[in-house]
Amino acid sequence: MADCECLPKCPFFNDKMDSVPAVAEMLKAKFCKGDNSSCARYMVFKAKGREHVPADLFPRHIDRAKEIIGG
């Protein structure tokens, strides 16, 4: 499966994770490369659009993503 379509412009990885590249790569491997359906950011992006993805939403914050989508 291909990389997430959002990865090139993802503010989470391109702005917030610069200071911890090893952690960023680990998270990218889990959430962005392959099956990205478990990424909270991607869930909100697909359901509501890019403008509704909070800058501080971590990929693993599924409960918060569900609140945003359902709300």
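Contact here means heavy atoms within 4.5 Å. With that in hand, start at Asn36: leaving aside its neighbours within four places in sequence, this residue is in contact with Cys4, Phe31 and Tyr42. Asn36 is found in the loop between H2 and H3, and it counts as buried because its relative accessibility is 10%, with the cut-off for buried set at under 20%. Keep in mind throughout that this is a predicted model.

**The overall picture**

Zooming out, the protein chain has four helices and zero strands, so from the N terminus on the elements simply read α-α-α-α. The C-alpha trace spans about 35 × 25 × 20 Å along its principal axes. For 71 residues, a compact globule would have a radius of gyration near 11 Å, and the chain agrees because its own value is 11 Å. As for burial, 37% of the 71 residues count as buried. If you take the contacts with a separation of 6 or more, 41% of them come from residues 24 or more positions apart.

**The core**

In soluble globular proteins, nonpolar side chains tend to be buried together. Here the largest nonpolar core has 19 residues, and those with the most contacts inside it include Cys4 and Tyr42, along with Phe12, Phe13, Met17, Leu27 and Cys32. Helix H1 (11-16), helix H2 (21-31) and helix H3 (40-48) are the elements that give two or more residues to this core. H3 gives the most, with four residues.

What does Met17 touch, leaving aside its neighbours within four places in sequence? Met17 is in contact with Phe12, Val23, Ala24 and Leu27.

**Two sides of H2**

Ala24, Leu27, Lys28 and Phe31 are the buried residues of H2. Seen down the helix axis they fall within an arc of 105 degrees, so they line one face of H2. H1 is included in what covers them. Over on the other side of H2, you'll find Ala22, Met26 and Lys30 exposed. Lys30 also has a ring to go with it: it lies over the face of Phe31, at 5.4 Å from the ring centre.

**Aromatic pairs**

A pair of aromatic rings is described by the distance of the centres and the angle of the planes. The count comes to two aromatic pairs, and here they are side by side.

| Pair | Centre to centre | Angle between planes | Type |
|---|---|---|---|
| Phe12 and Phe58 | 4.9 Å | 70 degrees | edge-to-face |
| Tyr42 and Phe45 | 5.9 Å | 40 degrees | tilted |

Why does the pair of Phe12 and Phe58 tie together parts that are apart in sequence? Phe12 lies in helix H1 and Phe58 in the loop between H3 and helix H4 (62-70), so the parts being tied are 46 residues apart in sequence.

Are the two rings buried or exposed? Phe12 counts as buried because its relative accessibility is 0%. Phe58 counts as partly exposed because it comes in at 29%.

The other pair sits within one helix: Tyr42 and Phe45 are three residues apart in helix H3, so about one helical turn separates them. Both Tyr42 and Phe45 are buried. Tyr42 brings us back to where we began, since this residue is in contact with Asn36 and is among those with the most contacts inside the largest nonpolar core.

Methods. Residues are numbered from 1 along each chain as its sequence is written. This is a predicted model: local features need pLDDT of at least 70, side-chain atom pairs count only at pLDDT 80 or more; totals for chains, interfaces and linings use all residues. Side-chain values use heavy atoms; hydrogens and water are left out. A nonpolar core is a set of buried Ala, Val, Leu, Ile, Met, Phe, Trp, Tyr and Cys residues joined through side-chain atoms within 4.5 Å. Buried means under 20% relative accessible area, exposed over 50%, partly exposed in between (1.4 Å probe, protein chains only). The arc is that of the directions from the helix axis to the C-beta atoms. Rings of Phe, Tyr and Trp (its six-membered ring) pair if their centres lie within 6.5 Å; planes under 30 degrees apart count as stacked, over 60 as edge-to-face and the rest as tilted. A charge sits over a ring if NZ of Lys or CZ of Arg is within 6 Å of the ring centre and within 35 degrees of the ring normal. The radius of gyration is taken over C-alpha atoms; the globule rule is 2.2 Å times the number of residues to the power 0.38.
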